[in-house]
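Here is a short tour for anyone meeting this structure for the first time. Take a look, then read on.

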Amino acid sequence: MIKISPSILSADILKLEEEVKLLDKNGADYIHIDIMDGHYVPNITFGPNIIKSLRQVTSKILDVHLMIKPVEKYINEFVEAGSDIITFHPEADDNPEEIIKMISDAEIKAGIAIHPKVNITDIDHLFSKVQQIIVMTVKPGFGGQKFMNDQVQKIKDLDEIRKNNNYKYDIAVDGGVNNENAKICKDNGADVLAVGSYLLSQNQNNYSEIIKSLR
Ligand code: DX5
Ligand code: ZN
């Protein structure tokens with residue numbers, strides 16, 4: 001079954017504990033945490049402390065999406081804070097192989113994210129080494145943007161590459177996911193949907209129903 005990873009990017013920070021507990025209770029599989037540095041992307045969000053705090057209030061998988069440059073020098077802090085999956089953008093540092101190894105050696109899942117401007121063929125040498133690949137369907141940096149239909153082909157290609165090579169990664173889709181395009185993602189091979197504004201803008205009483213319908 002496809003997994004739902006609500007992104008807390010558009011949550012009310014003052015009510016974050018309550019929000020995460022509600023998402024947890026209403027069927028979220030992961031909690032997606034967007035880390036932005038004002039350098040790799042124009043926006044600034046959280047540091048490793050948020051992972052540490054969230055670790056206290058949920059046992060769900062903490063799905064950490066690093067949109068930072070450089071990456072390597074911050075990995076240990078995000079590991080120690082309690083991340084379960086760390087996904088980064090390989091073009092944001094010199095040695096993505098080494099970063100994947102650091103994350104894997106810490107016995108958590110390593111992921112890479114594909115910026116819309118990055119081609120699959122630029123990074124396919126990393127595919128055998130990771131447990132998650134995020135296809136970005138918006139330009140990273142902000143929640144609430146429109147889903148880029150032209151990135152769907154990457155989901156399909158990743159699914160085919162996975163089958164042909166017996167690779168084990170999950171395919172995640174992140175950006176502008178809603179009830180209209182969730183099925184397109186799923187039909188093309190997605191395993192995980194990161195969902196921000198579409199879910200968090202709804203009445204909290206409906207979270208369970210919306211998460212089910214996204215699945
Ligand atoms: C965008 C982030 C996404 C974002 C998703 O840079 O990586 O995870 O929070 O939010 P929506 O679903 O609103 O596009
Ligand atoms: Zn994200």
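In which loop does Glu 107 lie? Glu 107 sits in the loop between α4 (96-105) and β5 (109-114); helices (H or I, at least four residues) and strands (E, at least two) are DSSP runs, numbered from the N terminus.

A quick word on the ground rules: this is a predicted model, where local features need pLDDT of at least 70, side-chain atom pairs count only at pLDDT 80 or more, and totals for chains, interfaces and linings use all residues. Residues are numbered from 1 along each chain as its sequence is written, chains are lettered from A and ligands numbered from 1 in the order in which they are written, and side-chain values use heavy atoms, with hydrogens and water left out.

Most residues other than glycine have a negative phi, and most peptide bonds are trans. Two spots in this model are worth a look:

| Spot | Backbone value | Loop |
|---|---|---|
| Glu 107 | positive phi of about 60° | between α4 (96-105) and β5 (109-114) |
| Lys 69 to Pro 70 | cis, omega near -5° | Pro 70 between β3 (61-67) and α3 (75-81) |

Now for the metal. The zinc ion (ligand 2) has the protein donors His 32 (NE2), Asp 34 (OD), His 65 (ND1) and Asp 174 (OD), 2.1 to 2.3 Å away. Donors here are N, O and S atoms within 2.8 Å of the metal (3.2 Å for Na, K and Ca); water is not among the atoms, so sites may look incomplete. Along the sequence, the donor residues follow the spacing H-x1-D-x30-H-x108-D. Distant parts of the chain are linked this way: Asp 34 is in strand β2 (residues 30-36) and Asp 174 in strand β7 (residues 170-174), 140 residues apart.
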